[in-house]
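Biologist: Please take a close look at one part of this model, the charged side chains that pair with one another, and then set that part against its surroundings. A connected account would serve me better than a list.

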Amino acid sequence: MGAHSKGAVRPGSAGDTAPMPAVDSALRPTATGRDRYFDTLRAVALVRVVAYHTFGWAWAGLVFPSMGIMFGLAGTLMAKSLERPALTVVKSRLRRLLPPFWFWGLFVVVAMLVHGWMPGWQIVYWVVPLGDPPGNAWGEQAWEILWYLRTYLWFVLLSPLLLKLFRLAPVPVLVLSLGPILVLNFVWSGPDNRLGTALWDLATYLFCWILGFAHRDGVLQRMKPAAVVLLSLAALGYGGWYALSHQAESGTYDLDENPLAQAFWSAGFVMLLMWAKARFRIDFAGLTRLKRLDRLVTVFNARAVTIYLWHEIALILAVPLIDQFWKVPAFETYLPLESQWFMFGVGWVLIAGFVLACGWVEDVAARKKPRFLP
């Protein structure tokens, strides 16, 4: 589905595509009811994801591990939401996630059918993505990002049990949450099917999700600063070393190609971010004084699912659109049509169009009045 595929996620990997379903208010909200620290992290994660899929920078995950951060934020928000009855929370998450997915999926599925795809019974995963929805090679660049929704959905379903286990022994459970990725990497690699793929992704980000619980319950704030810093640096060190020392296996140090390195690097990085917020009470409340930037962060958070789902299609469409620019002599002379930065800009223009045209589905899913922009 289009020629551009830089930064594409390999099947079965915990790839770098970001977020982001169902956003709630977090800890230490501002007067507007939002925590701008978390909101800003989420917005930066979205920008970084689009940049990664445009430029394919292998180092991007080391600088800002978007997915680990997003799962950490989601874990915090899930723990907060579970102050209400678990069934109510799970239903709310499904209601807010699935309609935007169905709306987007309708276009992708129809396009693949037109291009010769013949689905089997696995098409049920286009209704509820508990497994990777099937598709053909033509549409792969569009549908391969759905690993994130599948992983998020499983974490939502498992969270009532995970939170109970965590609260029985917070620190031991947090530490042991790195165990599954070690088992899969060194002992048993799991089945070579949808279940195996799901297990790898869940294991990769389990620590970050439970770290969100630890932040919400104040566990990180009660830990000794030296212990948090040392553990974080140890995890970063091991994750970075493993990525660099195993380049021969995948041909790159890109964390998206190395789930174990991704798990440990994200664990250390997100722990420092969460601990710093709790320790120093960072809330970015001053962002509200920068009205345009604050407005942009608001839109990114309110339309996070739309941006996430449609960004690859925007990048796909940017290629033939730029090809048309070459036919205009003035554009060929004065515009940097060969630059990936130009493609990045065109991609964001198209993403903005999708936000205006499709973002209202998120409002409907949240039982709000549909609007072009929040």
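Modeller: Arg42 and Asp39 are both buried. In this predicted model, the two side chains form a salt bridge, with 3.3 Å between their closest N and O atoms. Arg42 and Asp39 are three residues apart in helix α1, so about one helical turn separates them.

Asp39 also meets the side chain of Arg36 in a salt bridge, at 2.6 Å from N to O. Here again the partners are three residues apart in helix α1, which spans residues 36–55, so about one helical turn lies between Asp39 and Arg36. Asp39 has a relative accessibility of 1% and therefore counts as buried. Arg36, with a relative accessible area of 3%, is buried as well.

A further pair is formed by Asp217 and Arg167, whose closest N and O atoms are 2.8 Å apart in a salt bridge. Asp217 lies in the loop between α9 (194–216) and α10 (219–222), whereas Arg167 belongs to helix α6 (residues 147–168), so this pair ties together parts that are 50 residues apart in sequence. Asp217 counts as partly exposed because its relative accessibility is 23%. Arg167 is likewise partly exposed, with a relative accessible area of 43%. Returning to helix α1, salt bridges with shared partners join Arg36, Asp39 and Arg42 with Asp294 into one network. The structure holds nine salt bridges.

The cysteines may be taken next. The count of disulfides is zero, since a disulfide requires a pair of cysteine sulfur atoms within 2.5 Å. Cys208 is buried, its relative accessible area being 0%. Cys358 counts as buried too, at 8% relative accessibility, because the cut-off for buried is under 20%.

The nonpolar side chains complete the interior. In soluble globular proteins, nonpolar side chains tend to be buried together. The largest nonpolar core of this model has 97 residues, and the members that touch the most others are Phe71, Trp104, Trp126, Tyr148 and Trp209. One of these, Trp104, can be followed through its contacts: beyond its neighbours within four places in sequence, Trp104 is in contact with Trp126, Ala142, Trp143, Leu146, Leu309, Trp310 and Ile313. Apart from this core lies another, of eight residues, including Ala318, Phe325, Phe342 and Val346.

Nonpolar side chains are also found on the surface. Trp102, Val127, Val128, Leu130 and Leu157 form a nonpolar patch there, and together they have about 380 Å² of accessible area. Val127 is located in the loop between α4 (86–114) and α5 (140–143). With a relative accessibility of 45%, Val127 counts as partly exposed, because partly exposed residues fall between the limits of 20% and 50%.

The loop between α4 and α5 also contains Ala137. Ala137 counts as exposed, because its relative accessibility is 65% and exposed means over 50%. Ala137 and Trp117 are 20 residues apart in sequence, and their C-alpha atoms are 9.0 Å apart in space.

In summary, the charged part you asked about includes the buried pair Arg42 and Asp39, the network that joins Arg36, Asp39, Arg42 and Asp294, and the salt bridge of Asp217 with Arg167.

Key. Residues are numbered from 1 along each chain as its sequence is written. This is a predicted model: local features need pLDDT of at least 70, side-chain atom pairs count only at pLDDT 80 or more; totals for chains, interfaces and linings use all residues. Side-chain values use heavy atoms; hydrogens and water are left out. Patches are made of residues with over 30% relative accessible area and no salt bridge: like charges are joined within 9 Å, nonpolar side chains (Val, Leu, Ile, Met, Phe, Trp, Tyr) within 5 Å. Accessible areas come from the Shrake-Rupley method with a 1.4 Å probe; for residues, only the protein chains shown count as cover. A salt bridge is a side-chain nitrogen of Lys or Arg within 4 Å of a carboxyl oxygen of Asp or Glu. Helices (H or I, at least four residues) and strands (E, at least two) are DSSP runs, numbered from the N terminus. Buried means under 20% relative accessible area, exposed over 50%, partly exposed in between (1.4 Å probe, protein chains only). A nonpolar core is a set of buried Ala, Val, Leu, Ile, Met, Phe, Trp, Tyr and Cys residues joined through side-chain atoms within 4.5 Å. Contact means heavy atoms within 4.5 Å.
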